[in-house]
Number of protein chains: 2
Amino acid sequence: MADPSPSAARAGFPVSRQVLADHVYEALLEWLMDGRLEPGAAVSIDGMARELDVSPTPVREALARLEHTGMVRRVALKGYRVAPVFTREDFAELMEARLSIEPVNARLACSRMTPDGLDALKQAVEDLKTAPRGGSFAEYRSYLEADERFHQLIAAQASNQFLLAAYNTLGGQIQRFRLFGGVGITDAEQAIAEHQAVLDAMIGGDPEKAAAMMVDHVEKVRGRAMADAPED
Amino acid sequence: MADPSPSAARAGFPVSRQVLADHVYEALLEWLMDGRLEPGAAVSIDGMARELDVSPTPVREALARLEHTGMVRRVALKGYRVAPVFTREDFAELMEARLSIEPVNARLACSRMTPDGLDALKQAVEDLKTAPRGGSFAEYRSYLEADERFHQLIAAQASNQFLLAAYNTLGGQIQRFRLFGGVGITDAEQAIAEHQAVLDAMIGGDPEKAAAMMVDHVEKVRGRAMADAPED
DNA sequence: CTGCCGGCGTTCCTATAGGATTTGAGCCAT
DNA sequence: ATGGCTCAAATCCTATAGGAACGCCGGCAG
C-alpha cells in the first residue's frame, strides 16, 4: 500500500493484536456515521478496497460483520448497500424495542452500579451540557456521542452480556437515526433534563425510579421525533 | 481443487441465489448445534476449508458472521474457538435477558397475531406434545426444535424487526444451552403445559395474560434448570 | 536435572488472478 | 419511435500463493 499510515498500526504496535479487517471495519463504521456513505448507496467491495488501499478480502470480512449490525444489507451476487433511511414505522419499532430493553438496563444498572460507572455517567451528562450544539453539523457530533455514551454506559453497568449485546445492536441504529432522521437538535434542554433525572435516580439508588425515568425519556424522545418529522 | 464435487452445489442449483459462504455458515451452525464442534474447541479456518472442500475465504466470511452471534469467539492472529460452555452466571444472565424481551414479544404478538401465525403456533405446541423424547440424544432434536420454533414464531409475530433481531441473538444461545447445558429433558410435561398456557392466552386474545404466562414460563425454566444443574 | 534456544510445522492473514454473473448501453428489427 | 437483443464493462465470488507469527519439540549449556 502506498500510504504507510495504516500499516503503522501493525509495525509500530506489534502487541496491538489488531488486523486489517478491524481497521476497515472502523473506517466503514465512521464513514457510515459521517454520512460519507449515504443511505441506499452501493458499497462496492472492490471500490472500498481501492479507496482504503487494501485487498478486497479484509473489506469482505468487515462488511460481513457490519451486515449483522443492520447498517448495511447484502443481496447475494449483487453486493452490499447502505441500509435505507428509517421510515416512520421503522422508527416506531425502534422506540418500542428501546422501551422494552433500556428501562430494564436502567433498573439493573442502578442496582449494580460501581463508583467508576457512576462517575462515567456523571461525566457523560456533563459532556451533554457543555457540548456545543449551535453550529454546524460537525459540532453535533460531540453532543450525539455523549448521548449515545450515556445509554451505552447504562447498558454496560447492567452487567448482563446479553442485554448489552441486545442494546448494542440497537445503539448503532439509534445513532444512525440521530444523524439521518432529518431532525436537528431542537430538544437539547429537555433531553438533558431527562438524562439528568435518570442520573439522579441512579445517584439516589432507586432502581424503580431509574427505570421509570428511562421510560419517560424514551417516550418523550419518541413524541418529539414523531412531532418534528411528520414526513412520511 | 481436484475434486469437482463441491461445485455440484453451485451447478445443481443455478437459481439458488445462495453463495458458498451461506452454505458454509449453515454447515458450521449445524455442527455447532450437533455437538460435532464441542465448546472450547479450536475452529481452524484452513481445517474447516479442507473439511468442507472449499477455499478458506468463504469460511472466513462465515466465521465473521458467526462471531456476532456469540457462537464462536475470535482472537486476532490466533483464530476462532467455539464459545465455552455456559457458567451458572451466564445462564442467569441469559434468563434475565429473556425475561426482559420475551414477555414483550408475547404481548405484542398477541395483539398483532395473524391467523396463519396462530396456526403455526398451534402446530409448534402440537409438535412439542407428539415429539419423541424418551430415547437417544438425537431424538431430542425434534422436541428442542419445536421449542425454539415456538419462541421464534412469537418473536416474529411481534412484528418488530428490532425485537426479532434481539431475540434471534438470544435464540441461538438458548438452543445451545438446551443442548450443552448438561440437563436432559426432565420437564417436558410441565414445559408443554406452560407453552399451552401461553398459547391459550393468545387464542383468547389477552395480551397481558400472554405476557404473564411467558414470564411464568421463563421463570420456571430458570428454576428447573438451576435446580437440575447445581454443577458449578 | 533444569532452563534456554533454535528449527520446523501449522495457522492466520493478505494479495492477486481468474471464472461467473449482473447491469447498462448501443444497435437492429418491427 | 419502441421493444428486444447483443455485447462489454463492472462487480461479485472463489481459488491459490506467499509472507509473518505462533506453538511445539528436540538439543545443548549450566
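Let's start where the two chains meet: 6 salt bridges are counted between chain B and chain A. Keep in mind as you look around that this is a predicted model. One salt bridge to find on your screen joins B:Asp22 to A:Arg74, with their closest N and O atoms 2.8 Å apart. Polar contacts add to the picture, with 14 residue pairs counted between chain B and chain A, both partners at pLDDT 80 or more.

Which parts of chain B face its partner? Helix 4 (56-67), strand 2 (72-75), helix 5 (88-112) and helix 8 (161-180) of chain B each bring at least two residues to the side that touches chain A. Helix 5 of chain B gives the most, with 10 residues. If you sort the residues on this side of chain B by character, you get 15 nonpolar, 8 polar and 12 charged.

Now step back to see the whole contact. Chain B puts in 35 residues and chain A puts in 36 residues. Together the two chains bury about 3,100 Å², and 57% of that lies on carbon and sulfur atoms. Three residues are worth picking out here: B:His68, B:Glu96 and B:Phe162 supply 20% of the area that chain B buries against chain A, more than any other three residues.

B:Phe162 turns up again among the aromatic rings, where ring pairs link it with A:Phe86, A:Phe91 and A:Phe177 into a cluster. Over all chains, the structure holds 6 aromatic pairs.

Finally, look for a charge sitting over a ring. In chain A, A:Arg36 lies over the face of A:Trp31, at 4.0 Å from the ring centre. In chain B, B:Arg36 lies over the face of B:Trp31, at 4.0 Å from the ring centre.

Note on methods: Residues are numbered from 1 along each chain as its sequence is written. Chains are lettered from A and ligands numbered from 1 in the order in which they are written. This is a predicted model: local features need pLDDT of at least 70, side-chain atom pairs count only at pLDDT 80 or more; totals for chains, interfaces and linings use all residues. Side-chain values use heavy atoms; hydrogens and water are left out. Contact means heavy atoms within 4.5 Å. Buried area is the accessible area (1.4 Å probe) that two parts lose on being put together, summed over both. A salt bridge is a side-chain nitrogen of Lys or Arg within 4 Å of a carboxyl oxygen of Asp or Glu. A polar contact is a pair of N or O atoms within 3.5 Å; within protein, one must be able to donate a hydrogen and the other to accept it, and residues adjacent in sequence count only if both atoms are side-chain atoms. Helices (H or I, at least four residues) and strands (E, at least two) are DSSP runs, numbered from the N terminus. Ala, Val, Leu, Ile, Met, Phe, Trp, Tyr, Cys and Pro count as nonpolar, Asp, Glu, Lys and Arg as charged, and the others, Gly among them, as polar. Rings of Phe, Tyr and Trp (its six-membered ring) pair if their centres lie within 6.5 Å; planes under 30 degrees apart count as stacked, over 60 as edge-to-face and the rest as tilted. A charge sits over a ring if NZ of Lys or CZ of Arg is within 6 Å of the ring centre and within 35 degrees of the ring normal.
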